[in-house]
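Work through the exercises below with the sequence and coordinates at hand. Each task is followed by a solution in steps.

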Amino acid sequence: MMATVATPAIEVRGLVNRFGRQVVHDGLDMTVQTGEVFGIVGGSGSGKSVLLRTILGLHQPQAGEVRLEGRKLTGLSEQELHGYKARYGVTFQHGALFSSLTVIQNVQLPMLEHLSLDAATRDALALLKIRLVGLAESDAHKYPSQLSGGMVKRAALARALALDPPLLFLDEPTSGLDPISAAAFDSLLMDLQRQLKLTVVMITHDLDTIFRTCNRVGVIVDRKMLTDTLAGISSNPHPWIQAYFHGERAARYGAVDHAVPSDGVPRGA
Amino acid sequence: MYTRIERSATGLELTLTGAWRAVNLPAIDAELSGIDWDGATLLSVSTREAELLDLSGAWRLRKLLQQVAAAGTRIEWRTPEPELLHLVEKTLAEGGPPVPPTSSESFFQPISALGQRVMVRVEDAKSGLDFIGRVAAMSGAVLTSWRRLRPISVARHVYDTGITAIPIVALIAFLITIIIAYISAEELRQFGAEIYVVDTVTIGVLRELGVLLTAIIVAGRSGSAFAAEIGAMKLNEEVDALRASGVNPIEVLVLPRLSGLVIALPLLTVVADAIGLAAGAVLCKFLLDMSLIQYLTEMKSAIGPTTFWVGVIKAPVFALLIALSACYRGLQVRDSSRELGRLTTVAVVQSIFLVILADAIFAVAFWQLDI
């Protein structure tokens with residue numbers, strides 16, 4: 001996608017989040033351009049999830065502002081936020097499917113809240129989303145407890161896509177999946193991102209996923225965010241970043257030399 | 001406006017305009033149903049003027065094109081066919097035939113439903129007995145060592161179910177006694193027998209009301225807490241984690257709650273008895289102008305050797321029933337949050353029912369034994 005677009009999809013300026021005396025974010029800035037896949041990386045407790053919750057409007061920050069597609073989100077009332085919530089889809093770390101609803105009912109829930117469609121259309125659209133994420137139609141009437149881990153992630157993705165949002169937030173989309181399922185999920189995500197022209201923001205610890213999918217990476221270190229391309233960030237001298245990208249774990253990717261997937265083309269570029 | 005239709009020499013020209021997205025589908029449907037497709041042999045479609053065509057819009061467009069094609073009209077594209085249309089096509093094409101949700105209505109359905117419900121009850125009763133057996137066996141095993149009795153955990157449950165319940169138990173005991181004393185005073189005054197208000201209050205509170213009220217409050221308060229705590233742990237796989245680390249959930253979850261409640265409920269009953277008798281004294285003083293000495297003297301003559309113990313002896317039994325049914329229902333929770341709510345309700349309703357049933361059995365038994 002283009003590097004410069006008039007209004008970025010997400011813009012976070014001077015974000016401050018404090019819990020008691022513990023400062024999580026102190027003047028954090030983050031910009032995500034439309035159509036890119038942006039990875040958020042950081043150590044445990046560095047405030048990745050708090051950042052995500054702030055962008056989603058689930059948490060009011062102490063200071064700073066969040067803009068979604070140019071519209072200011074911070075300081076809005078619940079009612080004003082309601083409309084913006086149809087503009088993005090979210091998958092949570094553990095799926096967060098509603099356990100008392102079937103998969104298709106889970107996908108229909110956002111539709112019931114935001115759209116006034118008749119039941120037949122709703123069923124057809126929900127089934128389309130379920131098929132789109134690679135689940136079978138026979139899975140649609142199953143309850144979350146009957147699904148495997150990978151299927152839960154896919155069902156959560158189907159629910160996130162229920163309203164055809166241009167923005168997609170994923171919290172640890174491949175955690176808890178075996179490497180093959182994770183790779184399948186990544187390629188599904190990239191297909192959908194390309195075909196639906198989504199802007200994707202994901203929190204992930206999975207280096208595989210980062211190298212396969214992300215255009216740019218934001219690393220939360222020292223309560224701020226350092227943003228760069230994969231090649232740029234992995235040559236950053238900050239010790240945590242060095243340990244993350246150049247540790248034993250990362251060595252097998254040859255992250256230093258060519259921070260692009262093996263086919264030589266950065267994804268989404 | 002989402003469409004524009006022009007008739008040309010060769011057929012119809014359909015131009016999509018506006019935003020073809022899910023939120024506009026009802027309006028798009030309404031507009032499309034007003035279009036007269038008759039007689040057209042060719043439909044040429046353009047998406048050049050559409051502001052937006054998202055996945056839901058593409059799905060609607062595909063449905064439209066399928067309808068038109070089924071009527072024998074040829075479709076031609078003036079603009080490149082939208083990619084999303086391909087995506088919808090591909091997604092819906094692959095995979096097997098649609099699976100209808102299973103619901104087989106048959107003539108015997110009501111009978112089989114009845115049978116199933118009976119079997120569910122039978123299974124429930126069996127597994128309830130199984131649970132009681134496990135608890136009994138485990139309590140025998142636990143008695144072998146001081147550490148396995150988990151005194152700290154038991155103390156916590158005595159505090160949670162007993163100490164923190166004192167204010168509400170005291171308040172309700174006070175109010176109910178006032179009501180009983182007031183009504184009996186109204187009636188007994190007609191016979192000039194106001195003095196027997198003291199007997200009514202004393203015997204009523206000590207034998208029945210004190211313990212029954214306390215048990216019902218505790219069933220609502222702690223029964224629901226037990227079921228919800230254990231149920232949430234079940235959903236969170238904490239119970240499985242206990243099992244996997246070789247710890248018996250009955251030993252660490254059920255027995256401390258059970259013994260905590262068995263200790264707490266008799267103590268709470270004593271509190272309720274004391275407050276009830278005090279409430280009787282207050283009412284007799286202000287309503288019947290009875291002196292405290294007179295009240296105490298009459299009370300002393302009303303209390304037989306067993307009156308107090310007949311009430312208090314029931315408390316541990318009630319505690320056992322409440323704790324067992326609450327923990328049992330808590331451990332039954334699985335899969336969904338709705339189950340948690342349902343089983344918590346079942347736990348409370350069932351423990352209140354069991355308490356009242358047991359009280360009735362006690363009443364008959366004590367009467368037969370002439371206590």
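The exercises deal with one chain overview, two loop residues, one helix, one surface patch and several salt bridges.

**Conventions**

This is a predicted model, in which local features need pLDDT of at least 70, side-chain atom pairs count only at pLDDT 80 or more, and totals for chains, interfaces and linings use all residues. Residues are numbered from 1 along each chain as its sequence is written, chains are lettered from A and ligands numbered from 1 in the order in which they are written, and side-chain values use heavy atoms, with hydrogens and water left out.

**Exercise 1. Describe chain A by its secondary structure, burial, contacts and surface.**

Step 1. Assign helices (H or I, at least four residues) and strands (E, at least two) as DSSP runs, numbered from the N terminus. Chain A then has 10 helices and 10 strands.

Step 2. Classify residues by relative accessible area: buried is under 20%, exposed is over 50%, and partly exposed is in between (1.4 Å probe, protein chains only). Of the 269 residues in chain A, 54% are buried.

Step 3. Take contacts as heavy atoms within 4.5 Å. Among the contacts in chain A with a separation of 6 or more, 65% are between residues 24 or more positions apart.

Step 4. Compute accessible areas by the Shrake-Rupley method with a 1.4 Å probe; for residues, only the protein chains shown count as cover. Chain A exposes about 11500 Å², and carbon and sulfur atoms supply 54% of that area.

**Exercise 2. Locate A:Gly95 and B:Thr79 and list what they touch.**

Step 1. A:Gly95 sits in the loop between β6 (88-91) and α3 (103-114) of chain A. Its relative accessibility is 1%, so A:Gly95 counts as buried.

Step 2. Leaving out residues up to four places away in sequence, A:Gly95 touches A:Val152, A:Ala156 and A:Arg159. The C-alpha atoms of A:Gly95 and A:Val66 are 25 Å apart, with the two positions 29 residues apart along the chain.

Step 3. B:Thr79 is in the loop between β6 (74-77) and α3 (83-93) of chain B. B:Thr79 is buried because its relative accessible area is 8%.

Step 4. With residues up to four places away in sequence not counted, B:Thr79 touches B:Val45, B:Ser46, B:Thr47 and B:Arg48. A polar atom of the B:Thr79 side chain lies 3.0 Å from the backbone nitrogen of B:Thr47.

**Exercise 3. Which residues of helix α10 of chain B are buried, and what covers them?**

Step 1. In α10 (residues 292-302) of chain B, the buried residues are B:Tyr295, B:Glu298, B:Met299 and B:Ala302. They cover an arc of only 105° around the axis, so they are on the same side of α10(B). The arc is that of the directions from the helix axis to the C-beta atoms.

Step 2. The general rule is that an α-helix has 3.6 residues a turn, so residues three or four places apart point the same way.

Step 3. The face turned away from the buried side of α10(B) carries the exposed residues B:Ile293, B:Thr297, B:Lys300 and B:Ser301.

Step 4. The cover over the buried residues of α10(B) includes α7 (196-235), α9 (249-287) and α11 (307-312) of chain B.

**Exercise 4. Identify the members of the nonpolar patch on chain B and the helices that supply them.**

Step 1. Patches are made of residues with over 30% relative accessible area and no salt bridge; like charges are joined within 9 Å, and nonpolar side chains (Val, Leu, Ile, Met, Phe, Trp, Tyr) within 5 Å.

Step 2. The patch consists of B:Ile168, B:Leu171, B:Phe174, B:Leu175, B:Val282 and B:Phe286, with about 550 Å² of accessible area together.

Step 3. α6 (166-189) and α9 of chain B each supply at least two of the patch residues. α6(B) gives the most, with four residues.

Step 4. B:Phe286 is in helix α9 of chain B, and at 67% relative accessibility B:Phe286 counts as exposed.

**Exercise 5. Place three salt bridges of chain B in its helices.**

Step 1. A salt bridge is a side-chain nitrogen of Lys or Arg within 4 Å of a carboxyl oxygen of Asp or Glu. By this rule there are 29 salt bridges over all chains.

Step 2. B:Arg156 and B:Asp160 form a salt bridge, their closest N and O atoms being 3.1 Å apart. The two residues are four apart in helix α5 (residues 151-161) of chain B, which means a separation of about one helical turn. B:Arg156, B:Asp160, B:Glu229 and B:Arg257 are linked in a network of salt bridges.

Step 3. B:Glu208 forms a salt bridge with B:Lys314, with 3.1 Å between the closest N and O atoms. B:Glu208 lies in helix α7 and B:Lys314 in helix α12 (residues 314-332) of chain B, so the pair ties together parts that are 106 residues apart in sequence. B:Glu208 is partly exposed at 26%, whereas B:Lys314 is buried at 1%.

Step 4. B:Glu339 forms a salt bridge with B:Arg342, the closest N and O atoms again being 3.1 Å apart. Both lie in helix α13 (residues 337-368) of chain B, three residues apart, about one turn of the helix.

Technical notes: Polar contact = N/O pair within 3.5 Å; in protein donor to acceptor, adjacent residues only side chain to side chain.
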